[in-house]
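Visitor: Could you take me through one part of this model in detail? I would like to look closely at the nonpolar core and the helices around it.

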Amino acid sequence: MNTDKKNPNRLNVRDIITMAVSYVLIFAIYFLGSPIGFNPNTYIFIWAICSILWGTIFLLMYTKVNKNNVPLIFGIAVGLFMLSYHWIVSFAIILGGIIAEIIWRKFDKKSVKTMGIVFTVQILFWQIGATLPIMFMLDKIKNKSPEYGELFNSVNQATTPLMEILALALVVVCCAIGVWIGKKILRKHFEKAGII
């Protein structure tokens, strides 16, 4: 008997492959945006800018793998990748994955609105994890990742709390744009899956 029918929320090999491909695409977009990320004046805005393109990838992943633990696993995977910077960065990203997972389970997973909220929560915590430590724990971050010391110094000098608040607000706006674009692009896919 098919185990997916017995437990529809159980992840299978195809689901893991879909998530892995999404993971690679998301980081490919991030690295393509590296000129933004390595500019101290625009560093804190890279997550907002990337989220416009990430929206389609996340929506497709959430649609194809519409099961429990997807936001959590994704948050843990990204958090572990970011462990090379500092544990506090990973902690923030994984915390975002946990909160996103709670929302994912509490509300209708087949709703684009739920997908959009979960996506936004995850990117907000990526932003928090990657920027607040530079602002408030600069020496510890530099000790952990000395190769980025000069960049972190410049980002720290260029970033103010007001800029961080604006960057977080921009993440919310850009995530909404990314979800809107993704919904348009994937409309036929959503209709086939019975989501819209």
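Guide: Happy to; here is the setting first, then the core, then one of its helices.

Keep in mind that this is a predicted model. The protein has 11 helices and 0 strands, and 46% of its 196 residues count as buried. Its exposed surface comes to about 10,300 Å², with carbon and sulfur atoms supplying 67% of that area. If we take contacts between residues at least 6 apart in sequence, 76% of them join residues at least 24 apart.

Now to the core itself. The largest nonpolar core holds 50 residues. Those with the most contacts inside it are Trp 47, Trp 54, Phe 58, Tyr 62, Phe 74, Ile 123 and Trp 126. Two or more residues come from each of helix H2 (13-32), helix H4 (46-64), helix H5 (70-81), helix H6 (87-106), helix H7 (112-136), helix H9 (149-158) and helix H10 (161-185).

Phe 74 makes a good place to zoom in. Leaving out residues up to four places away in sequence, Phe 74 touches Met 19, Ser 22, Tyr 23, Ile 26, Phe 58, Met 61, Gln 122 and Trp 126.

Let us finish with H6, one of the helices that contribute to this core. With 20 residues at 1.5 Å each, H6 should span 28 Å, and its end C-alpha atoms are 28 Å apart, so the two agree. The buried residues of H6 are Ile 88, Val 89, Ser 90, Ala 92, Ile 93, Gly 96, Gly 97, Ala 100, Glu 101, Ile 103 and Trp 104. As background to that list, an α-helix has 3.6 residues a turn, so residues three or four places apart point the same way.

Key: Residues are numbered from 1 along each chain as its sequence is written. This is a predicted model: local features need pLDDT of at least 70, side-chain atom pairs count only at pLDDT 80 or more; totals for chains, interfaces and linings use all residues. Side-chain values use heavy atoms; hydrogens and water are left out. Helices (H or I, at least four residues) and strands (E, at least two) are DSSP runs, numbered from the N terminus. Buried means under 20% relative accessible area, exposed over 50%, partly exposed in between (1.4 Å probe, protein chains only). Contact means heavy atoms within 4.5 Å. Accessible areas come from the Shrake-Rupley method with a 1.4 Å probe; for residues, only the protein chains shown count as cover. A nonpolar core is a set of buried Ala, Val, Leu, Ile, Met, Phe, Trp, Tyr and Cys residues joined through side-chain atoms within 4.5 Å. The expected span of a helix is 1.5 Å times one less than its number of residues.
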